[in-house]
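Me: I'd like to learn how to read a protein structure, one feature at a time. Can you walk me through this one?

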Amino acid sequence: MLSNKRPHALITGASRGIGAAAAEAFARSGYSVTILYKSSTERADDLVVKLLQEGCDAIAVQADIRDYYAVRAAVHKANLQFGAVDVLVSNAGIASQKLFTDVTPDEFREMMDTHVTGLYNIVEAVLPGMISRKTGSIVTVSSIWGITGASCEVAYSTAKAAVIGFTKALAKEVGPSNIRVNCVAPGVVDTDMNRGLTAEDMNMLCEETPLERIGTPEEIAETILFLASGKASFITGQVISPNGGLVI
């Protein structure tokens, strides 16, 4: 069934962290939200229940972002529920900290498949509808390490740099169709992906950040929401990095 004409936002990796915060931000701003997730069914379902109780529109759809056909099926299910996707937030990702010489071929491939192939899969499924309607907004999620690179995160930095290149190139290609494509490249944020860092590492990062703290998922979500909204109607192909001044 279709919703009551609310704009439709589809967010990948939306069962936790930045993705979950973005789902909440969009839902509370009047969007119908599809929460696309890989395996955290309980978290995704709990988030849907929470949003429905608040009077929002939301569904959770499971798909491995690396699986082309699973992604297409998930988008089809979302379209049946809420209509065509107006806003796509490509947020799904994984992290790993280890020396490059310790990274296996399978680990490198998984990093690229999740961040780059996954980005291709979801955009390829959603973009034709946006082009046919000549409207839409896509927000990708990279990282400051995609801008600067990070020691012991070569695979991650490579994948996130590719996300930035994808964003800029696609923005040029689909601009004439009135589709905007932007990227958010967060600094250090309090999410599960950074729980592997030691307390010493986190304290050091806080000390190196001019605002002397790490970011919250909600702060990143607000940046994503802004870029997707009409308030950013003349912004495309840009990389916005909410990082507390860690990278200037």
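Reply: Sure, let's begin with a cut-off: a residue is buried under 20% relative accessible area, exposed over 50%, and partly exposed in between. Keep in mind that this is a predicted model.

Me: Is alanine 161 buried, exposed or partly exposed?

Reply: Its relative accessibility is 33%, so alanine 161 counts as partly exposed. You'll find alanine 161 in helix 6. To get a feel for distance, look at aspartate 64: the two residues are 97 apart along the chain, and their C-alpha atoms are separated by 22 Å.

Me: What about valine 184, is it buried or exposed?

Reply: Valine 184 has 0% relative accessibility, so it counts as buried. This valine belongs to strand 6. A good habit is to check what a residue touches once you skip its neighbours within four places in sequence. For valine 184 those contacts include Val139, Thr140, Val141, Ile220, Ile224 and Pro242. Glutamate 24, on the other hand, is 160 residues away along the chain from valine 184, with 17 Å between the C-alpha atoms.

Me: Where does serine 229 lie, and is it buried or exposed?

Reply: Serine 229 sits in the loop between helix 8 (217-228) and strand 7 (239-240). With 15% relative accessibility, serine 229 counts as buried because the cut-off is under 20%. Not counting residues up to four places away in sequence, serine 229 touches Tyr31 and Arg180.

Me: And glycine 13, which residues does it touch?

Reply: Leaving out residues up to four places away in sequence, glycine 13 touches Gly19, Ala20, Leu36, Asn91 and Ala92. Its place is the loop between strand 1 (8-12) and helix 1 (17-28). The relative accessible area of glycine 13 is 23%, so this glycine is partly exposed. You can also compare sequence and space here: glycine 13 and serine 39 are 26 residues apart in sequence, with 9.6 Å from C-alpha to C-alpha.

Me: Let's zoom out. How many helices and strands are there in the protein chain?

Reply: The chain has eight helices and seven strands. Its radius of gyration is 17 Å, close to the 18 Å that the globule rule gives for 248 residues, so the chain is as compact as a globular protein of that length. Along the principal axes, the C-alpha trace spans about 50 × 40 × 35 Å.

Me: What share of the residues count as buried?

Reply: That's 47% of the 248 residues. For the outside, read the accessible area: the chain exposes about 11,800 Å², and carbon and sulfur atoms supply 55% of that. You can also ask how far apart in sequence the contacting residues are. Among contacts with a separation of 6 or more, 75% are between residues 24 or more positions apart.

Me: Now for backbone angles. What is the sign of phi for lysine 134?

Reply: Here's the general idea first: most residues other than glycine have a negative phi. Lysine 134 has a positive phi of about 55°, although it isn't a glycine. You can find lysine 134 in the loop between helix 4 and strand 5. Asparagine 178 is another non-glycine residue with a positive phi, near 65°. Asparagine 178 lies in the loop between helix 6 and strand 6.

Me: How do I read a pocket? How many residues line the second largest one?

Reply: Start with the space inside and then look at the lining. The second largest pocket holds about 290 Å³ of space. It's lined by 18 residues, with Gly136, Asn178, Ile179, Arg180 and Ser233 nearest its centre. Strand 5 (136-141) and strand 6 (179-184) each supply at least two residues of that lining. By type, the lining of this pocket has seven nonpolar, nine polar and two charged residues.

Me: Last one: how many cavities of 30 Å³ or more are there?

Reply: A search of the whole structure finds one of that size. The largest cavity has a volume of about 70 Å³. Its lining includes Thr12, Ile65, Asn91, His115 and Lys160. Two elements give two or more residues to that lining, helix 4 (105-133) and helix 6 (154-174). Helix 4 gives the most, with four residues. The lining of the largest cavity divides into five nonpolar, six polar and one charged.

Methods:
Residues are numbered from 1 along each chain as its sequence is written. This is a predicted model: local features need pLDDT of at least 70, side-chain atom pairs count only at pLDDT 80 or more; totals for chains, interfaces and linings use all residues. Side-chain values use heavy atoms; hydrogens and water are left out. On a 1 Å grid over the protein atoms alone, a cavity is a set of points where a 1.4 Å probe fits but cannot get out, and a pocket is an open set with protein on both sides within 12 Å along at least five of seven lines; lining residues have an atom within 4 Å of a point. Grid points are joined across faces, edges and corners, and a volume is the space filled by probe spheres set on the points. Ala, Val, Leu, Ile, Met, Phe, Trp, Tyr, Cys and Pro count as nonpolar, Asp, Glu, Lys and Arg as charged, and the others, Gly among them, as polar. The radius of gyration is taken over C-alpha atoms; the globule rule is 2.2 Å times the number of residues to the power 0.38. Buried means under 20% relative accessible area, exposed over 50%, partly exposed in between (1.4 Å probe, protein chains only). Contact means heavy atoms within 4.5 Å. Accessible areas come from the Shrake-Rupley method with a 1.4 Å probe; for residues, only the protein chains shown count as cover.
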